Amino acid sequence: MTADGGLSELRRGVLGPCVLALLEVKSRFGLELVRDLASAGGLLTSDGTVYPLLSRLRDAGLVTSEWRENPGERARRYYSITEAGKRDLAAFRTEWDQFSATVAGVLNHTRLPSGAGEKGRLP
Amino acid sequence: MSRTSSGHELVRDYIRQLDAALRGVPAAAARELMEQITAHLDDALPADADDAQVAAVLSRLGPPAELAADARRADARRADAGLPGAPAVARLRYRLARVRRRTWSVAGMIVVLTGIAAGYLSYFLTPGSLEFGGASGWWYPQDYSSAVTTTADGRSETTVPLRSGDRQGYFVTIDNPTGVTQTILGAAYGPDVPWDSPGSAVVQIAVSLPDRNIGRGGTSRSARFTLPGVIPPGQTRMVRVLWTSDICLAVGTVSIDTLALRVRVGWFTRTEIIPLGQAWAVTANRHARCT
């Protein structure tokens, strides 16, 4: 596994909860969501990834979508979080706190003193 | 929806490639992704976007093949029963989305064929009954010469003496006013059938072969009879009803004012009860011979 491959797998894994977190704040349409995720920086490998993910979250009952037409604009499909989505997100937040703390702990503990950082590995 | 972006050559190319790459993805999922992507492009691109802007937006969107692979992966993940939170409706929608187009078209074909069969059934089950054609008479000369016609309460009855042990009977013209051929198979019997036979339990039915005179509403004693008898749509035939009068009537009258027939229409055989417009009666006096 290359470092990049590992990161893109990781991105793919956390993208769902990130989408849920954005939708928890307010309902958004596709491009709006893509832009907010992109502005967070480093989360999206490509914009298109978001759409199959949205469909999957919708099928899993975590997100709903509906057509809305704002005055003077074309009709857009808006995505909103469901109660199940909120529960799922809350559970992920708890797990993520523990998980990221664990990962950070392991990474920092095994870091070798100056000069050998790029060769760091578990003993 | 795609009035702005789809006009651009690069966008059209991208959409075409995506469409090709989505082959094999369940139809509903592919349709949804296509709708999401075109909406994304419509929102992301101003109407007067130049090539550089379009190329930048498309490159951020990612290669079509990668998008399709994502969609396929998302679909596979949905296929895992690992959707504990998924409501039943979502699961059902997912299953339906995976039904192939061919399956839908086969289902459609079955629906159409069932419809045709149902149409055929209703076509042959709904047509009306045969009707009394207006002309009638006693069949044997000794009966029609001695017939007495009475009219009471707007109902006419033609009565002849019972000739016990002999054959007696009448003929009537029968119209087929319906659009389908009806075939008379014989007399109908049964608890629901009003057969007041003044004679033998078995009544002999016969239907005339085509005869111009009968077709014009008249009768013909030279007509030839057969059974089963076919009456094509809109045509008229003579129907002869004979029985052997062998009941023992002390004093009294048996009258018949309906004709109950077994009739085949298409695939179906049914009982038709035809009002005759008048009654045919035999009457016995005290001299009638009882056998």
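1. In this predicted model, helix α2 of chain A and helix α2 of chain B are roughly perpendicular to each other, because their axes cross at roughly 70°, and an angle of 65 to 115 degrees counts as roughly perpendicular. The two axes, belonging to residues 30-40 of chain A and residues 27-44 of chain B, come within 8 Å.

2. As to the residues that make this contact between the chains, α2(A) contributes G30(A), L31(A) and V34(A), while α2(B) contributes Q36(B), A39(B), H40(B), D43(B) and A44(B). Sorted by class, the contact of α2(A) with α2(B) comprises 4 nonpolar, 3 polar and 1 charged residues.

3. Turning to chain B as a whole, the assignment gives 8 helices and 11 strands, and buried residues account for 27% of the 291 residues in the chain. Of the contacts in chain B between residues at least 6 apart in sequence, 74% join residues that are at least 24 apart.

4. Within chain B, the axes of helix α1 (residues 9-21) and helix α3 (residues 51-61) come within 9 Å and cross at roughly 25°, which makes α1(B) roughly parallel to α3(B), since angles under 35 degrees are counted in that way. On the α1(B) side the contact is made by L10(B), V11(B) and Y14(B), and on the α3(B) side by D51(B), V54(B), A55(B) and L58(B). The residues of this contact of α1(B) with α3(B) divide into 6 nonpolar and 1 charged, with no polar residue among them.

5. Helix α3(B) also deserves a look in its own right. Its residues V57(B), L58(B) and L61(B) are buried, and they lie on the same side of α3(B) because they cover an arc of only 95° around the axis. These buried residues of α3(B) pack against α1 and α2 of chain B, and L58(B), one of the buried residues, is also among those that make the contact with α1(B).

6. On the other face of α3(B), turned away from the buried side, the exposed residues are A52(B) and S59(B). Just after the helix, G62(B) takes a positive phi of about 100°.

7. Taken together, helix α2 of chain B appears in two of these descriptions: its contact with α2(A) is made on the chain B side by residues including Q36(B) and A39(B), and α2 of chain B is also one of the helices against which the buried residues of α3(B) pack.

How values were computed
Residues are numbered from 1 along each chain as its sequence is written. Chains are lettered from A and ligands numbered from 1 in the order in which they are written. This is a predicted model: local features need pLDDT of at least 70, side-chain atom pairs count only at pLDDT 80 or more; totals for chains, interfaces and linings use all residues. Helices (H or I, at least four residues) and strands (E, at least two) are DSSP runs, numbered from the N terminus. A residue is buried if 20 or more other C-beta atoms lie within 10 Å of its own, exposed if 12 or fewer, and partly exposed in between; C-beta atoms are placed from the backbone. Two residues are in contact if their C-beta atoms, placed from the backbone, lie within 7 Å. Axes are lines fitted to C-alpha atoms, for helices over the stretch in contact, and angles run from 0 to 180 degrees between N-to-C directions. Angles under 35 degrees count as roughly parallel, over 145 as roughly antiparallel, 65 to 115 as roughly perpendicular and the rest as oblique. Ala, Val, Leu, Ile, Met, Phe, Trp, Tyr, Cys and Pro count as nonpolar, Asp, Glu, Lys and Arg as charged, and the others, Gly among them, as polar. The arc is that of the directions from the helix axis to the C-beta atoms.
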